[in-house]
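Biologist: Please show me the model, and let us then discuss how its descriptive terms are justified.

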Amino acid sequence: MSVQIFREALCREINVPDIALDTPFAHLDVDAAVVFAVLAQVEESTGITFPASLFRDCTCLADLEKRLSTSALSIREAARESSQLVKDFAAAAGTTDYWPSVASDQHRLVIAYIWEALKQLGCPLDIMPAGSKVVPPTVQPSHQQLLDTLFEILIQEGLIERVNSDHLVRTKVPLPSSSAAILHERILLDHPRHANTHRLLHLTAPRLADCLVGNADPIRLLFGSPVGRDLLQDFYTRAPMSMAASQQLAALFQRVFEPLKQSTSDPIEILEVGAGFGGTTGFILDALVAAGVPFRYTFTDVSASFFKTARQHYRTSDMPVSFEVLDIETVAGPPSHLQGRFHAVLSTNCLHATRDLAVSAANARRLLRPDVPGAFLALIEFTERIFWLDLVFGLLDGWWRFTDGRRHCVAGEGFWKQSLVKAGFGQVVFTEGNVEGKKPNPEVIVAW
Ligand SMILES: C[S@@+](CC[C@H](N)C(=O)[O-])C[C@H]1O[C@@H](n2cnc3c(N)ncnc32)[C@H](O)[C@@H]1O
């Protein structure tokens with residue numbers, strides 16, 4: 001497979017018909033000029049730049065083959081293969097119907113929550129004749145960006161339009177004909193597979209007005225009760241959209257590391273950034289066990305408060321997991337004992353909450369082994385805005401901390417690519433497959 005590209009290039013350069021995999025490079029005329037030419041040919045046909053040190057670290061093609069199984073080439077192939085299976089993951093996780101049917105019902109519900117909140121705050125869109133001026137209510141300064149976003153949603157849905165630059169007027173487009181409470185009951189019945197996502201939204205959205213003016217604390221609503229914490233954990237672990245992405249990522253890990261099971265006795269080192277509720281952790285641990293490679297897993301988060309639950313969980317399942325506090329956005333970078341140590345770093349729904357995606361991604365890159373060409377960063381992140389997220393996570397400060405030029409916490413693929421390249425990654429790939437004509441969201445992003 002991938003070593004064949006090197007073999008053919010080497011044969012051409014030293015002008016021999018074939019080279020046995022175990023022939024030492026020392027027995028061939030492989031000098032610096034040959035290495036340079038071979039790497040240039042490989043780069044031309046694959047688009048991947050391999051370091052010249054590859055030939056110093058390997059004594060023959062067989063050695064190279066082992067090295068390549070964790071190389072950029074196999075990462076690219078694994079990312080492509082796992083991303084072509086997105087329909088299967090979506091079907092298994094129960095999210096195939098999300099865009100064709102659930103999203104529009106969820107949308108209507110979000111609009112109902114927004115207009116009910118605005119009505120409570122003295123902005124009754126339901127009784128305003130078309131053409132009336134809409135004056136946004138005054139809210140806590142910390143929620144101003146959320147309020148602006150709520151108005152953007154109403155503009156996008158055609159309920160309000162902007163006349164001149166700062167003048168908003170009500171249009172003729174009708175509001176949902178049922179209350180949010182009724183729409184919530186209905187969506188639970190109509191889309192039970194996503195019930196806990198609807199319940200999570202219902203934890204904060206009916207209190208939107210109170211939160212906006214400081215009469216309710218969203219942190220307390222979300223984290224202050226076992227119900228809230230369970231719904232959050234459930235969202236990251238078992239919600240169909242989360243599960244589909246975690247399964248895709250797990251397939252990628254298994255595909256990358258399985259070929260190493262015969263050749264590696266040293267453990268593969270994996271680090272998870274912002275592992276939090278461990279929503280993705282379980283999937284990746286299972287994939288590593290299935291791959292049959294020795295491994296060590298470093299579970300990190302900026303807050304140690306998540307470790308107790310995770311520790312209990314992974315002690316019982318006897319996994320080689322250790323725990324470390326790690327803030328991925330410090331200017332000083334990660335602590336030195338973590339730098340340059342990992343074959344792979346993963347992070348799910350965390351980097352978006354940091355100030356600067358490029359700074360955080362550069363820190364994640366510093367954790368990767370510089371001597372392994374295919375050491376990679378894998379992310380699961382939303383790349384398209386979904387309105388209900390604003391009504392839950394948009395109430396928290398983390399959603400609005402960005403200072404890197406984003407317009408919203410959820411960055412599109414273009415911004416992710418730009419940030420990852422700025423962080424020093426040479427290759428960035430996004431999920432290729434579609435489910436019912438839409439990309440999975442959140443999606444898997446891989447960079448190396
Ligand atoms: C939305 S949660 C996702 C949790 C987890 N990845 C999951 O899927 O279950 C985001 C996590 O990122 C962590 N986090 C936020 N800022 C961070 C930072 N600067 N460095 C590391 N972790 C951070 C939070 O503590 C939280 O656990």
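Biologist: In which pocket does the ligand sit?

Modeller: The ligand sits in the largest pocket. A molecule sits in a pocket if more than half of its atoms lie within 2 Å of the pocket's grid points. A pocket is an open set of points on a 1 Å grid over the protein atoms alone, with protein on both sides within 12 Å along at least five of seven lines. This is a predicted model, in which local features need pLDDT of at least 70 and side-chain atom pairs count only at pLDDT 80 or more, while totals for chains, interfaces and linings use all residues. Residues are numbered from 1 along each chain as its sequence is written, and side-chain values use heavy atoms, with hydrogens and water left out.

Biologist: Which residues surrounding the ligand are the closest?

Modeller: The closest are Tyr-236, Gly-274, Asp-301, Asp-327 and Thr-348, from a shell of 18 residues; a residue is near if one of its heavy atoms lies within 4 Å of the molecule. By class the shell has 8 nonpolar, 7 polar and 3 charged residues.

Biologist: What makes the approach of the ligand to the side chain of Asp-301 a polar contact?

Modeller: The pair is an oxygen atom of the ligand and an N or O atom in the side chain of Asp-301, 2.6 Å apart. A polar contact is a pair of N or O atoms within 3.5 Å, so this pair qualifies. A nitrogen atom of the ligand likewise lies 2.8 Å from an N or O atom in the side chain of Asp-327, and a ligand nitrogen is 3.4 Å from a polar backbone atom of Val-302. Taken alone, the ligand exposes 590 Å², of which the protein buries 88%; the areas come from the Shrake-Rupley method with a 1.4 Å probe.

Biologist: Why is Leu-351 called buried?

Modeller: Its relative accessibility is 1%, and buried means under 20% relative accessible area (exposed is over 50%, partly exposed in between; 1.4 Å probe, protein chains only). Leu-351 therefore counts as buried. Leu-351 lies in the loop between strand 7 (344-348) and helix 17 (357-366).

Biologist: Asn-349 and Asn-15 each have a positive phi although neither is a glycine. Is Asn-349 buried or exposed, and what of Asn-15?

Modeller: Asn-349, with a phi of about 50 degrees, has a relative accessible area of 13% and is therefore buried. Asn-15, with a phi of about 60 degrees, reaches 69% and is therefore exposed. Asn-15 lies in the loop between helix 1 (2-14) and helix 2 (32-46).

Terms used:
A polar contact is a pair of N or O atoms within 3.5 Å; within protein, one must be able to donate a hydrogen and the other to accept it, and residues adjacent in sequence count only if both atoms are side-chain atoms. On a 1 Å grid over the protein atoms alone, a cavity is a set of points where a 1.4 Å probe fits but cannot get out, and a pocket is an open set with protein on both sides within 12 Å along at least five of seven lines; lining residues have an atom within 4 Å of a point. Ala, Val, Leu, Ile, Met, Phe, Trp, Tyr, Cys and Pro count as nonpolar, Asp, Glu, Lys and Arg as charged, and the others, Gly among them, as polar. Helices (H or I, at least four residues) and strands (E, at least two) are DSSP runs, numbered from the N terminus.
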